[in-house]
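This report looks at some strand pairings and at one pocket. Keep the sequence and the model in view while reading.

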Amino acid sequence: MFMLSRNARRLVVHAALLACAAAGGPVVSAAEPAAFEQVPGYYRQAIGELRVTALFDGVAFLPRAHMKDIAAKRAAGLLAWSYVPEQAAGIQTAVNAYLVRRGDSRILVDAGTADCFGPTLGRIGANLRSAGERPEDVDTVLLTHAHPDHLCGLVKPDGSAMYPNATVWLAAEDARYWLDPQVQAQAPQGLRPMFDMARRAVAPYEAAGRLKRFAAGDALPSGVRALDTGGHTPGHTSWVIEGGDGQQLLVWGDVVHFHAVQFVQPEVSYEYDTDRRRAVASRRAMLALAERSGAWVAGAHLPFPGMGHVRKEGGGYRWIPAEYSPVPGEAK
Ligand SMILES: [Zn+2]
């Protein structure tokens, strides 16, 4: 997923808050509705020996026009059927990341938006801490791809590493594309800021020798497999993490952006897919794999916590969200 930066809008909001505070008045005036905050956005799920914590970054709004290869009326019907909130800015879409504990090891899959976008996003760090975890205990970060909503959260506002003890894994194909100034210079104008964001996010890890570019056949952290699901980006990767007892977690990144539409019609694509045909093939492959294997799925843009299973239904598929269940070994 990608949206244009809303830094300007955020600055306006900050300016308004500062002006209000300086005047000694309430931050929220009586004429405005109070900010509506949810409880901290994390959710735990046991999968075999894995202890997975889904982390909510916030919501983005994707313009309806960015949904491709579907008639407008059909798209509107599917969105309405699923009661998906839609605003003038677009279709509400969650942004999630996943912390996977196995023994003492902590693997983070994707890192959220941090300060790259507006005030509706950037909560991964806060939610990680709310879940009782510390960034310095994360030893591995697996990136599904190098878009800003997945890697801006690798760094603090000062550009230093948010996860100072982690090794970051990024597909070589995505690194060759998003980290290369020459590719950036050839890219459409609207995409160019994404390259800067990607380079800034990986810089401290690269400097410390802890950015691993992997290709097919390379050794990966134990118990982890990378599936080539290119199309959304050149090196888009879905991660399979083994949970023992025949249980698996499939963290599929941006295989689905529009859950109300793309399970039913996997051939629907997204404006920012680098290669739409390849993205559709990857989506079909992951849906089929999830359905056949019965694996747990975690999706970056599925409704929070974005965890559940996939069933076949009619000519397409159906998303079955996780049912809340106690996590063994968690303190009351
Ligand atoms: Zn995304």
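How many bridges join strand E11 to strand E12, and do the two strands run parallel or antiparallel? The model is a predicted one. In it, strand E11 (residues 237-244) and strand E12 (residues 247-251) are antiparallel and are joined by five bridges. Within this pairing, Ile 241 of E11 lies opposite Leu 249 in E12. The two strands make a hairpin, with two residues between them. Asp 245 is in the turn and has a positive phi of about 55°.

E12 also pairs with strand E14 (residues 296-298), here in the parallel sense. Three bridges hold this pairing, and Val 251 has Ala 298 in E14 as its bridge partner.

The two pairings are set out below.

| Strands | Sense | Bridges |
|---|---|---|
| E11 (residues 237-244) and E12 (residues 247-251) | antiparallel | five bridges |
| E12 and E14 (residues 296-298) | parallel | three bridges |

The next topic is a pocket. The second largest pocket has a volume of about 400 Å³. It is lined by 14 residues, and those closest to its centre are Trp 81, Ser 82, Val 264, Glu 313 and Arg 318. Three elements give two or more residues each to this lining: helix H2 (72-81), helix H8 (259-262) and strand E16 (316-321).

Which element gives the most to the lining of the second largest pocket? That element is E16, with four residues. Sorted by class, the lining of this pocket has eight nonpolar residues, four polar residues and two charged residues.

Note on methods. Residues numbered from 1 in each chain as written. Predicted model: local features only at pLDDT ≥ 70, side-chain atom pairs only at ≥ 80, totals over all residues. Heavy atoms only, no water. 1 Å grid on protein atoms, 1.4 Å probe; cavity = no way out; pocket = protein on both sides within 12 Å on 5 of 7 lines; lining within 4 Å. Points joined across faces, edges and corners; volume = space filled by probe spheres on them. Nonpolar A, V, L, I, M, F, W, Y, C, P; charged D, E, K, R; others polar. Pairing = 2+ DSSP bridges.
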